[in-house]
Amino acid sequence: MKELIPKDEWGVFVDSKDIARVDSLFVAKAFDKAHNTVLRDIRELDCSDEFRLYNFVQSSYKNEQGKKQPCYCITRDGFVFLAMGYRGKKAAQFKELYIKRFNEMENFIHTLVATRKEFPLLSENIKLLHENPKPYHFSNECDMINRLVIGMTAKKFREVHGIPRGESIRPHLTAEQIDLIEKLQKADVGLLIAFPDYEQRKRHLQWYMMQLKTK
């Protein structure tokens with residue numbers, strides 16, 4: 001399965017449709033079970049076909065001998081359904097750990113999707129610059145540009161204007177603000193490469209914004 005955000009140390013990743021999943025190989029390792037046992041447990045789950053098809057997507061991997069072997073890419077709901085049958089104190093600890101990781105990854109997805117909508121150029125370039133991008137890599141750049149143009153982060157802007165979480169703020173901005181945000185976004189794409197330091201980029205963008213406003 002194509003990975004938008006690669007697997008972390010627990011096998012949790014984001015697929016190309018912005019869905020957090022976990023590789024069944026990692027589940028088997030965490031719960032100290034043979035992978036074939038986990039595959040069998042998945043096949044024998046008493047769930048609907050619709051639930052199974054969405055939450056347990058068949059995939060494959062190559063074993064140490066280079067042979068293609070089956071595995072599953074599992075959603076949070078699929079993991080919870082599967083892990084309900086795994087008992088014991090150690091199993092309980094890993095259930096909590098995986099649920100926490102899913103929460104963190106889904107918060108990351110929310111940040112990524114919001115950035116992609118509001119700052120498409122930045123989103124793509126941040127992923128090129130960071131092998132394993134973190135949520136703050138996206139939110140920091142967006143917050144910086146929004147603070148420069150509208151005086152606050154998008155989150156604060158939504159709170160002030162009663163805009164639901166996750167909804168784009170663009171329809172609530174002026175044409176001048178949107179134009180300025182887009183120009184700063186394009187400038188920041190180059191600055192990300194030239195100036196890794198956040199404060200340096202901020203100073204350059206502040207100077208550039210002042211030049212744009214005086215024209």
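Q: Which residue in the turn of the E4 and E5 hairpin has a positive phi?
A: This is a predicted model. Strands E4 and E5 form a hairpin, with five residues between them. One residue in that turn has a positive phi of about 80°. That residue is Gly66.

Q: Over how many bridges do E4 and strand E5 pair?
A: E4 and E5 (residues 68-75) run in the antiparallel sense. Lys62 stands opposite Lys68 in E5. Val57 has Cys73 in E5 as its bridge partner. The number of bridges between E4 and E5 is seven.

Q: Which residue in E5 does Arg21 stand opposite?
A: Strand E5 is also joined to E3, and these two run antiparallel. Three bridges make that link. Opposite Arg21 in E5 stands Thr75.

Q: Why is one side of strand E1 and of strand E4 left without a neighbour in the sheet?
A: The open sheet has five strands in the order E1-E2-E3-E5-E4, with antiparallel pairing. E1 (3-5) and E4 (56-62) stand at the edges. One side of each is left without a neighbour because each has a single partner strand.

Q: By how much are neighbouring strands of this sheet turned against each other on average?
A: The sheet in question is open and has five strands. Direction is ignored for this average. The turn between neighbouring strands is 50°.

Q: What angle does the direction of helix H4 make with that of E5?
A: Two helices can be described against E5. Helix H2 (residues 35-43) packs on the sheet, touching E4 and E5, and its direction makes about 55° with that of E5. Helix H4 (residues 76-83) packs on the sheet too, touching E3 (20-23), E4 and E5. For H4, the angle with E5 is about 100°.

Q: Which helix gives the largest share of the largest nonpolar core?
A: This core has 54 residues. Val22, Phe31, Ile74, Phe79, Leu82, Ile145 and Val149 touch the most other members. Leu82, for one, touches residues including Val27, Val38, Phe56 and Ile74. The largest share of the core is eight residues, and the helix they come from is H5 (residues 89-118).

Q: How far apart are the axes of helix H9 and helix H10?
A: Two packed helices are described by the angle between their axes and the distance between the axes. H9 (residues 175-194) and H10 (residues 198-214) pack at an angle of about 140°, and H9 passes H10 in a right-handed crossing. Leu184 and Leu191 in H9 are among the residues that meet H10, whose side includes Leu205 and Tyr208. The axes are apart by 10 Å.

Key: Residues are numbered from 1 along each chain as its sequence is written. This is a predicted model: local features need pLDDT of at least 70, side-chain atom pairs count only at pLDDT 80 or more; totals for chains, interfaces and linings use all residues. Side-chain values use heavy atoms; hydrogens and water are left out. Axes are lines fitted to C-alpha atoms, for helices over the stretch in contact, and angles run from 0 to 180 degrees between N-to-C directions. Helices (H or I, at least four residues) and strands (E, at least two) are DSSP runs, numbered from the N terminus. A crossing is left-handed if the near helix is turned anticlockwise from the far one by less than a right angle, and right-handed if clockwise. Contact means heavy atoms within 4.5 Å. A nonpolar core is a set of buried Ala, Val, Leu, Ile, Met, Phe, Trp, Tyr and Cys residues joined through side-chain atoms within 4.5 Å. Buried means under 20% relative accessible area, exposed over 50%, partly exposed in between (1.4 Å probe, protein chains only). Two strands pair if DSSP finds at least two bridges between them. Lists of a residue's contacts leave out its neighbours within four places in sequence.
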